[in-house]
Amino acid sequence: MATLTLIIIFIISLLALLKGADYLVDGASDIAAYFKVSPVIIGLTVVAFGTSLPELIVSLMAVFNGAADLSVANVVGSNFANIGLGIGIAALILPLAIKNKALIHEIPFLIVSSFLLLILGTDQFIFQKLGFSLSRFDGIVLYIVFIMFCYYIWTSLQHKQPKAMKKEIEDEYIHNLPLWKATVYILAGIAALTIGGRYFVNSSIELASNFGLSEAFIGLTIVAIGTSAPELITSFIAAKKGKGDLALSNIVGTNIFNILFVLGTVSIIKPIGIAPTIMQTDAIAMMALTLLFLVFATRGKGINRREGAILATLYIGYMAWLVIGL
């Protein structure tokens with residue numbers, strides 16, 4: 001495909017991502033206000049699942065096309081970008097305060113899922129053999145933890161909230177749309193994010209290939225950032241609108257979905273072989289940034305601009321290191 005055509009597709013798909021993210025944030029916030037449910041719960045479920053769809057689509061396509069490395073590199077790179085860029089830059093736009101304690105309780109699931117990827121992806125830990133892969137057994141383990149996460153979210157949803165918290169939700173997230181319209185906004189947002197994300201990734205890959213970049217580099221950078229674009233844009237818009245909890249819960253929920261649901265689904269369908277460098281370097285770097293995020297979030301009950309700058313700088317520095325290593 002001609003370079004000019006790819007650039008046009010790239011721009012249109014980016015606009016679709018922007019509009020889709022806007023609809024998703026508005027719809028999710030209104031539904032949260034309508035049902036008197038914390039926006040954190042909505043962010044960890046509806047928004048997180050919707051924005052993780054591009055990762056699922058790309059990972060499935062990669063495995064069926066014989067590019068298993070790309071599926072894992074996509075998830076690792078996406079989670080890395082979500083924290084480094086999504087949370088980092090969103091905090092630079094507006095400091096992200098954690099007003100709901102439920103989000104603090106979700107972050108351990110993110111840490112556990114990240115550690116699980118390192119343990120299950122390294123065959124020596126369980127099967128006592130050299131190599132790196134995700135078998136169907138590993139996929140089932142990821143799914144079990146995913147079900148536990150969903151159950152926890154469900155019990156949180158069923159738990160009756162104190163009147164003070166309900167009043168806080170009503171004050172901060174004013175219900176403006178009728179329920180049917182808010183639902184349409186969410187569905188339209190997810191559709192735009194999915195379609196826009198797919199074309200954004202495809203055009204990005206072809207543009208990168210036209211400039212002679214390697215497949216490994218594309219997987220950890222172009223594809224990862226491309227599939228993370230919905231999460232990143234959703235978080236930026238949420239932060240700009242002053243919805244810090246939604247911005248944070250979107251990233252936390254999506255990263256959990258990416259590892260437990262996306263890689264769990266893909267490895268159950270077809271076992272995944274993983275390149276050693278992905279597990280020995282990139283996944284460890286992702287884990288380190290995730291732990292740093294945990295420290296920042298729990299210490300100050302939010303992410304301030306300085307901490308956001310640190311997360312973004314570390315991510316950009318790692319990407320620069322990858323470029324230098326080409």
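This report describes pairs of aromatic rings in a predicted model.

The count comes to 12 aromatic pairs, where two rings pair if their centres lie within 6.5 Å. Two of these pairs are set out in the table.

| Pair | Distance between ring centres | Angle between planes | Class |
|---|---|---|---|
| F109 and Y152 | 5.7 Å | 40 degrees | tilted |
| Y318 and W321 | 5.5 Å | 35 degrees | tilted |

**F109 and Y152.** The planes of these two rings stand at 40 degrees, so the pair is tilted; planes under 30 degrees apart would count as stacked, and planes over 60 degrees apart as edge-to-face. The pair links distant parts of the chain, with the two positions 43 residues apart in numbering. F109 belongs to helix α4 (residues 101-121), while Y152 belongs to helix α6 (residues 136-158). F109 has a relative accessible area of 18%, so F109 is buried, the limit for that class being under 20%. Y152 has a relative accessible area of 25% and is therefore partly exposed.

**Y318 and W321.** Here the planes are at 35 degrees, so this pair is also tilted. Y318 and W321 both lie in helix α12 (residues 305-324). They are 3 residues apart, which is about one turn of the helix. Y318 is buried, with a relative accessible area of 13%.

**A cluster of rings.** F109 and Y152 are also members of a cluster held together by ring pairs. The other residues in the cluster are Y143, F146, F149, F257 and F261.

**A charge over a ring.** K19 lies over the face of Y23, at 5.3 Å from the ring centre.

Note on methods: Residues are numbered from 1 along each chain as its sequence is written. This is a predicted model: local features need pLDDT of at least 70, side-chain atom pairs count only at pLDDT 80 or more; totals for chains, interfaces and linings use all residues. Side-chain values use heavy atoms; hydrogens and water are left out. Rings of Phe, Tyr and Trp (its six-membered ring) pair if their centres lie within 6.5 Å; planes under 30 degrees apart count as stacked, over 60 as edge-to-face and the rest as tilted. Helices (H or I, at least four residues) and strands (E, at least two) are DSSP runs, numbered from the N terminus. Buried means under 20% relative accessible area, exposed over 50%, partly exposed in between (1.4 Å probe, protein chains only). A charge sits over a ring if NZ of Lys or CZ of Arg is within 6 Å of the ring centre and within 35 degrees of the ring normal.
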